[in-house]
Amino acid sequence: MAKCDICGKSVSFGIKVSHSHRRSNRMWKPNVKKLKAVVNGTPCRVSACTRCMRSNKVSRAV
């Protein structure tokens with residue numbers, strides 16, 4: 001599932017519009033990575049988006 005465990009970012013929906021203006025539904029997924037992070041003092045696997053990883057909202061487990 002494309003959802004960040006840290007900030008809660010998930011898929012968003014919209015409409016794809018072609019050059020001839022035909023419209024169809026589409027979906028944008030966040031860039032979510034699986035990584036080991038320290039949560040409540042214990043290392044565990046979480047899904048975090050790259051924006052949370054870049055802004056140091058996730059403390060990586062070594």
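Select Met1 to begin: it lies in the segment before strand 1. Strands here are DSSP runs of E with at least two residues, numbered from the N terminus. Met1 is exposed, with a relative accessible area of 87%. Exposed means over 50%, buried under 20%, and partly exposed in between (1.4 Å probe, protein chains only).

Before moving on, a word on the model. It is predicted, so local features need pLDDT of at least 70 and side-chain atom pairs pLDDT 80 or more, while totals for chains, interfaces and linings use all residues. Residues are numbered from 1 along each chain as its sequence is written, and side-chain values use heavy atoms, leaving out hydrogens and water.

Now add Ser47. Its C-alpha atom is separated from that of Met1 by 9.2 Å, with the two positions 46 residues apart along the chain.

Next, select residues 32-39 and 42-49. These are strand 3 and strand 4, paired in the antiparallel sense over eight bridges. Pairing requires at least two DSSP bridges between two strands. Pick Leu35: Val46 in strand 4 stands opposite. Then pick Val39, whose bridge partner in strand 4 is Thr42. The two strands form a hairpin with two residues between them. Click Asn40 in the turn: its phi is positive, about 55°.

Last stop: Lys9, in the segment before strand 1 (12-17). Lys9 counts as partly exposed, at 37% relative accessibility. Add Arg51, Arg54 and Lys57, which gather with Lys9 in a surface patch of positive charge. Patch residues have over 30% relative accessible area and no salt bridge, with like charges joined within 9 Å. A salt bridge puts a side-chain nitrogen of Lys or Arg within 4 Å of a carboxyl oxygen of Asp or Glu.

Notes. Patch = residues over 30% accessible without salt bridge, like charges linked within 9 Å, V, L, I, M, F, W, Y side chains within 5 Å. Areas by Shrake-Rupley, 256 points an atom, 1.4 Å probe, with all protein chains shown as cover. Lys, Arg positive; Asp, Glu negative; His and termini not counted. Charge placed at Lys NZ, Arg CZ, Asp CG, Glu CD. Helix = DSSP H or I, 4+ residues; strand = E, 2+ residues; numbered from the N terminus.
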